[in-house]
Amino acid sequence: MATQATGASGVAPLTQRSAWKALGAHYKEVSGSHLRKLFADDPQRGARMTVEGAGLFLDYSKNRITAETLKLLSQLAEESGLRARIDAMFSGEKINATEKRAVLHVALRAPKDASIKVDGQNVVPEVHAVLDKMANFANRVRRGEWTGATGKRIRNVVNIGIGGSDLGPVMAYEALRHYSERDMTFRFVSNVDGTDFAEAVQDLSPAETLFIVSSKTFTTLETMTNAHSARSWSLAGLSGDEKAIARHFVAVSTNAAEVSKFGIDTANMFGFWDWVGGRYSMDSAIGLSTMLAVGPDNFRAMLNGFHEMDEHFRTAPFAQNLPVLMGLLGVWYTDFFGAQTAAVLPYEQYLKRFPAYLQQLTMESNGKHVTLDGATVNYATGPVYWGEPGTNGQHSFYQLIHQGTELIPCDFIAFAKPLNVLGRHHDILMANVLAQSEALAFGKTAEQVKAEGTQDWLVPHRVFEGNRPSNTILTERLTPEVLGKLVALYEHSVFTQGTIWQINSFDQWGVELGKVLAQRIIPELESSIEPSLTHDSSTNNLIRKYRKAKE
């Protein structure tokens, strides 16, 4: 009997797995089924297709699935080696094969007595040493013990970073603003567009401002351009005293030489490790601005939330595992229904930056076109993630989700209790989130529209097809702990999908080429003499047009 070929990962290519083939046949059987009928045929569906883990409640009943779908998706996870892959990540194996690195963001939130080893060395003590150093610094700043060069208290904190060094901190600050130190101002600069920096410091006093420069190598073009502008701005407001830099700048980096050269005391350098990818780093020293804003206790509560979801993901059976279920449902829609996007819709204003944060987490992780073995994939990976908080989105893009031609699976995120109690607001907010998932699932038929007395010519315009899938995630209230759980939920959902697709979710070579080409073009734009250009005709022409326009 011929054996099925396997790749370096030890599992069969995705399209050759028996569960994948069975799902293809199953899709043909169930794709035409409407959620109206699925609910009518099973009165207990809404209660049965739910799961609770780590304090989060997931209702996945409004998905276009049956019990057989779930069985086959779980089988696909088994055939894809998901359990072994999870164990490999948590044990510190170098599963980031293209960069030969471990993937251990889970170590960033492990308790002190845990043991997670990389190359035989337990990394947990190092993690907690950095956390303790961050806590000590944060407490000194928050209590006014750390002062600027003139002796004034630090009242403004500006985080300078890009990608994971910005998206995580700014999302966490906005998400946890309810818990933040309100007599301090926090700003975030990422874009190399000078407007970003100029607006961030417009109303700040250099004597009361602390900059956190976050760059692992301390050479990232955008970050260091902004950092040097911040340095010049600070010196201009501090009488040009070079020694003042050490009182107004700290670094999150591993390059002590460059940090010292910049003028930052390396005692105020907070390190992290190459086994932490940028988009997975908000709970490392990259989160220093978060800790300054909400305090060490709330930061550690967030870490505890991360860890609780980590343990749920690591130990729960696939059928009761929130990240696994959400990841598998994403595969179901991406690869069988042809869905190209997914919407994340938090009904909580504090989570307004959560969809933007998830864009990097999901798309930088799973936007890949080759497998771990380097073979070109012949199936879809990495849908586009997007969204806005409710109810704002309802008056914007929900029209397309309800009546457009694209199938867009939605994740609704809701909280039973508000952080700001204000009359009827929260009941109205919750009524909207529940109504939206109901409307998407069941829609409104032509018969129902006609029964309302609608004229025949208008009926087609007012019909809602329904059968639009969604998950609803419900928990008590948005706390630091819950934020950690939500982020870890999506981290592990992304990991699940990457494992099924047999891709490396932990490298990002796609961001490199443009950066390299930019370094080549910069001197051509800045040259005082006409450069010799060897790009394509379009790029050459654009460079000449720009040089002429800026004269």
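How many residues does helix 17 have, and how far does helix 17 reach from its first C-alpha to its last? In this predicted model, helix 17 runs over residues 425-442 and has 18 residues. Its reach from first C-alpha to last is 26 Å, close to the 26 Å expected at 1.5 Å a residue. The buried residues of helix 17 include H426, L429, M430 and V433 in its earlier part, and Q436, S437, L440 and A441 are buried as well. Because these buried residues cover an arc of only 130° around the axis, they lie on the same side of helix 17. Their cover includes two helices, helix 2 (35-41) and helix 16 (398-403), together with two strands, strand 12 (410-415) and strand 13 (470-475). After helix 17 comes G443, with a positive phi near 60°.

Helix 17 also takes part in the second largest pocket, where it gives the most to the lining, with five residues. This pocket holds about 470 Å³ of space. Its lining is made up of 19 residues, and those closest to its centre are E348, Q349, N420, H425 and L429. L429 therefore appears twice in this account, being one of the buried residues of helix 17 that lie on the same side of the helix, and one of the residues closest to the centre of the pocket. By class, the pocket lining has seven nonpolar, eight polar and four charged residues.

The largest pocket comes next, and its space is about 1200 Å³. A total of 43 residues line it, and I162, T220, Q508, V511 and K515 are the ones nearest its centre. Four elements give two or more residues to this lining, namely helix 7, helix 9 (221-237), helix 15 (354-366) and helix 21 (512-526). The lining has 15 nonpolar residues, alongside 18 polar and 10 charged ones.

Helix 7, which spans residues 164-175, also holds E174. With a relative accessibility of 14%, E174 falls under the 20% limit and so counts as buried. Beyond its neighbours within four places in sequence, the contacts of E174 are with Y350, K352 and R353.

Turning to enclosed space, a search of the whole structure yields two cavities of 30 Å³ or more. The largest cavity has a volume of about 210 Å³. Its lining comprises 21 residues, with M326, G330, A342, Y385 and D411 nearest the centre. Two or more lining residues come from each of helix 14 (322-335), strand 10 (341-346), strand 12 and helix 20 (480-501). Helix 14 provides the largest share of this lining, five residues. Strand 12 thus has two roles here, as part of what covers the buried residues of helix 17 and as a contributor to the lining of the largest cavity. In terms of class, 13 of the residues lining the largest cavity are nonpolar, seven are polar and one is charged.

The second largest cavity contains about 40 Å³ of space. Its lining is formed by L108, V127, V130, L131, M134, W273, D283, S284 and A285. Seven of these lining residues are nonpolar, one is polar and one is charged.

A few backbone features deserve a closer look. Most residues other than glycine have a negative phi, and most peptide bonds are trans. Against that background, S239 has a positive phi, near 60°, in a residue other than glycine. S239 sits in the loop between helix 9 and helix 10 (245-248), and S239 is exposed because its relative accessible area is 77%. N467 likewise is not a glycine and has a positive phi of about 60°. The loop that holds N467 lies between helix 19 (459-462) and strand 13; N467, at 7% relative accessibility, counts as buried. The peptide bond between G390 and T391 is cis, with omega about 10°. T391 belongs to the loop between strand 11 (384-386) and helix 16, the latter being part of what covers the buried residues of helix 17.

Toward the start of the chain, R17 is placed in the segment before helix 1 (18-30). Its relative accessibility is 2%, so R17 counts as buried. R17 and Q75 are 58 residues apart along the chain, and their C-alpha atoms are separated by 9.7 Å.

Terms used: Residues are numbered from 1 along each chain as its sequence is written. This is a predicted model: local features need pLDDT of at least 70, side-chain atom pairs count only at pLDDT 80 or more; totals for chains, interfaces and linings use all residues. Side-chain values use heavy atoms; hydrogens and water are left out. Buried means under 20% relative accessible area, exposed over 50%, partly exposed in between (1.4 Å probe, protein chains only). Contact means heavy atoms within 4.5 Å. The expected span of a helix is 1.5 Å times one less than its number of residues. The arc is that of the directions from the helix axis to the C-beta atoms. On a 1 Å grid over the protein atoms alone, a cavity is a set of points where a 1.4 Å probe fits but cannot get out, and a pocket is an open set with protein on both sides within 12 Å along at least five of seven lines; lining residues have an atom within 4 Å of a point. Grid points are joined across faces, edges and corners, and a volume is the space filled by probe spheres set on the points. Ala, Val, Leu, Ile, Met, Phe, Trp, Tyr, Cys and Pro count as nonpolar, Asp, Glu, Lys and Arg as charged, and the others, Gly among them, as polar.
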